[in-house]
Structure formats: structure tokens, C-alpha cells
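Q: Please take a close look at one part of this model and then follow its surroundings outward. I should like to know which residues it meets, and how the interior and the open spaces are arranged around and beyond it.

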Amino acid sequence: MTEKLDIEHLRQWIGRSTEATDIVTAQLVMGLRATLFQEVGGPRKGDAAPFTVHWCLAQPVFPMSMLGPDGHPTRGGFLPPVPLPRRMWAGGEIEFLQPLQVGDESTRTSRIADVQVKTGSTGTLCFVSVEHSISSPRGVAIRERQDIVYREMTSNAPATAKAPPPPPKAQHRETHVSDPVLLFRYSALTFNGHRIHYDRDYVTKVEGYPGLIFHGPLQAALIIEMAAKLHGGTAPKKFTYRGLQPLFEGSEFSINANETEAGMELWTANAEGQPTMKGTAVW
């Protein structure tokens, strides 16, 4: 049974902050390019890194003794100790000010911006919003808000949302396969120990999903790279996105884009064409 959620206690974490630094290495850039289906090349100092390389930088490192049963660090510390067992990346918003480059020392300053409790189809939901500022020697490169959702564990497979209407026909579309090796590579690049992405026994027998779950940030990274490719290699000034439903391993998925008067609408979709993440990009 889940421990009772004390929202007033959890909201005491609002305003807490932390800072971390890391180096954008050529090896990291090659690994991320390969994982994002890009030309690996031979990046040199000063070359631009993929736009979401900051998600691979300065990730928290904890000893094995401090990890919980899901592979995440035990609750508390910088993030509030939300007692709900399931944790997912729900969405967020990114402002791209300038690209990070190979050789940059990057500093990320993070702050807990909000903690809210809501009720959804799967029960109680707790949303934690985290604001980040990522800087390089040239100044602030990225501002970001991440929305993390925690929810209850159910005895059966989590109910999927009602199937949305068929998405509009995409003006631009790429397809790939959500291969377990792809998921492993992204987990390694981001030092993400969350077992839902690589431990099939855990994700199916404990959390009740039908298979390994594709990372939300990886879907967002692929969407952002497509948006930039369709806009002359320039990242959007602002990208807003949210997860709609899980995308699982072993099937084809697509990255889709439609141009609009304001910018672009983009989404990832599973093999049935149902959107799994949706985003908007403006320049």
C-alpha cells in the first residue's frame, strides 16, 4: 500500500536548488549522434553538439546502496520524497538560446518550481516541476522546465488513454524501430538507472507494462532534431511538449511534423499511428 501523500510536506521542497558541471566531450557527442540516427562523424572542439546533449551532462551519481527498487535513487534529497511508486517524465518546455559545443564546460542550475497533486484515470498523480538553466563559457545556452509525474502502482497493466482521433497526415515523417539496444544506449548516455527502460522482468512483472518503455526525453530529442533539420539546422527558440501514452520496445515508431503559421506541430507515434508525444516548436 502506498504511503499517504502529504502535499504540504512535499511543497516544502519548492525553491530548493542544486548545481552541477560537466564537459561536452567528443565521445559523448558521437554516442548521442549515433543514438539519434545521425552521422557520427569526428566531432572536434568547437563543433555544435546535438541540441539536447544537456540531458546527458552532469547526471546525479549515487552508490548502489542508495538506489530504490525501480533503479532510481531513493526518494528525498533534491527531489521531494513523493511516496507514489511510478515515476515518468510527463513533458516540459525548452528555450534554446545558443548551442553547446564540444569542449564546453557546462553548468546546470536546477530549482524545484512547483509540486501539485491531481487525480487521473490511474488514481492520484503528483507533478513536480523543475526549472533548469544550462550555461556554457559563452553564457546561458538553455532554459528548461521539466514536469515529472509520480503515480500509484496498480495490480493490473496501467490503463491506456482513450485512443485519440487519427493524427493529421504528416507533411514530414521518419520511421525507426524502438530496439532494446537503442533504449539501452540512451540509458547509458544519460546515466539513467530506471529499470523500466532495460529490465523486461521488472517492467512487465512489477510495474505491469507490456514491454520496455521508450524514454520520454529520447522521443523529445528526436522531435527537436527533426524540427531543426526542417528549419535549416536551427533549433526552435521554444519547444513545448507533453507525453500522451507510453511507447514500447520492439515496434516501428514515427517522428512527424506539420508546418503551421506559428512554427511546427510535431509528434511521435506508435506502429498504429497513435501519438505518444506531442510538441510545438516556434522560431
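A: In this predicted model, the side chain of His132 forms a polar contact of 2.6 Å with the side chain of Ser110. A polar contact of 3.2 Å links the side chain of His132 to that of Gln146. His132 belongs to strand β4, and its relative accessible area is 10%, so it counts as buried, the limit for that class being under 20%. Beyond four places in sequence, the residues that His132 touches are Arg108, Thr109, Ser110, Ile142, Arg143, Glu144 and Gln146. The polar partners Ser110 and Gln146 thus appear within a list that also holds Arg108, Arg143 and Glu144.

Val128 occupies the same strand, β4, which covers residues 123-136. Val128 has a relative accessible area of 0% and is therefore buried. Gln146, the polar partner of His132, is also in contact with Val128. Apart from neighbours within four places in sequence, the other contacts of Val128 are Leu79, Pro80, Val82, Ile112, Asp114, Val115, Asp147, Ile148 and Tyr150. As a marker of distance, the C-alpha atoms of Val128 and Arg33 are 30 Å apart, with their positions 95 residues apart in sequence.

Arg108 leads from the surroundings of His132 to an enclosed space, for Arg108 is one of the residues lining the largest cavity. The rest of that lining consists of Asp22, His54, Leu57, Ala58, Ser106 and Ile134. By class, the lining has three nonpolar, two polar and two charged residues. The volume of this cavity is about 30 Å³, and a search of the whole structure yields one cavity of 30 Å³ or more. Rolling a probe the size of a water molecule over the atoms shows where empty space is left.

The nonpolar interior comes next. In soluble globular proteins, nonpolar side chains tend to be buried together. Here the largest nonpolar core comprises 49 residues, and Phe96, Phe214, Phe239 and Leu266 have the most contacts inside it. Helix α5 (residues 216-229) gives nine residues to this core, the largest share. Another core, of 11 residues, lies apart from it and includes Leu10, Val82, Val128 and Val130. Val128 of strand β4 is thus a member of that separate core, and Val82, also a member, is in contact with Val128.

Within the largest core, Phe214 can be followed further. Not counting residues up to four places away in sequence, Phe214 touches Ser178, Leu182, Leu183, His197, Gln219, Leu222, Leu247 and Phe253. Gln219 connects this neighbourhood with Thr268, since a polar contact of 2.6 Å joins the side chains of Thr268 and Gln219. Thr268 sits in strand β9 (residues 264-269). Its relative accessibility is 0%, so Thr268 is classed as buried. With residues up to four places away set aside, Thr268 also touches Ile223, Ser254, Ile255, Asn256, Gln274, Pro275, Thr276 and Met277.

Helix α5 has a further role as part of a lining. The second largest pocket holds about 320 Å³ of space. It is lined by 17 residues, of which Leu36, Gln38, Glu225, Met226 and Lys229 are the closest to its centre. Elements contributing two or more residues to this lining are β6 (172-177) and α5. The largest share comes from α5, with five residues. In terms of class, the lining contains 10 nonpolar, three polar and four charged residues.

Phe37 deserves notice beside this pocket, as its sequence neighbours Leu36 and Gln38 are among the residues closest to the centre. Phe37 is placed in the loop between α2 (26-35) and β2 (86-96). Its phi is positive, about 60°, although Phe37 is not a glycine. Phe37 counts as partly exposed because its relative accessibility is 39%. A further non-glycine residue with a positive phi is Phe191, at about 50°. Phe191 is in the loop between α3 (180-189) and α4 (200-206). With a relative accessible area of 53%, Phe191 is exposed, in contrast to His132, which is buried at 10%.

Terms used:
Residues are numbered from 1 along each chain as its sequence is written. This is a predicted model: local features need pLDDT of at least 70, side-chain atom pairs count only at pLDDT 80 or more; totals for chains, interfaces and linings use all residues. Side-chain values use heavy atoms; hydrogens and water are left out. On a 1 Å grid over the protein atoms alone, a cavity is a set of points where a 1.4 Å probe fits but cannot get out, and a pocket is an open set with protein on both sides within 12 Å along at least five of seven lines; lining residues have an atom within 4 Å of a point. Grid points are joined across faces, edges and corners, and a volume is the space filled by probe spheres set on the points. Ala, Val, Leu, Ile, Met, Phe, Trp, Tyr, Cys and Pro count as nonpolar, Asp, Glu, Lys and Arg as charged, and the others, Gly among them, as polar. Helices (H or I, at least four residues) and strands (E, at least two) are DSSP runs, numbered from the N terminus. Buried means under 20% relative accessible area, exposed over 50%, partly exposed in between (1.4 Å probe, protein chains only). Contact means heavy atoms within 4.5 Å. A polar contact is a pair of N or O atoms within 3.5 Å; within protein, one must be able to donate a hydrogen and the other to accept it, and residues adjacent in sequence count only if both atoms are side-chain atoms. A nonpolar core is a set of buried Ala, Val, Leu, Ile, Met, Phe, Trp, Tyr and Cys residues joined through side-chain atoms within 4.5 Å.
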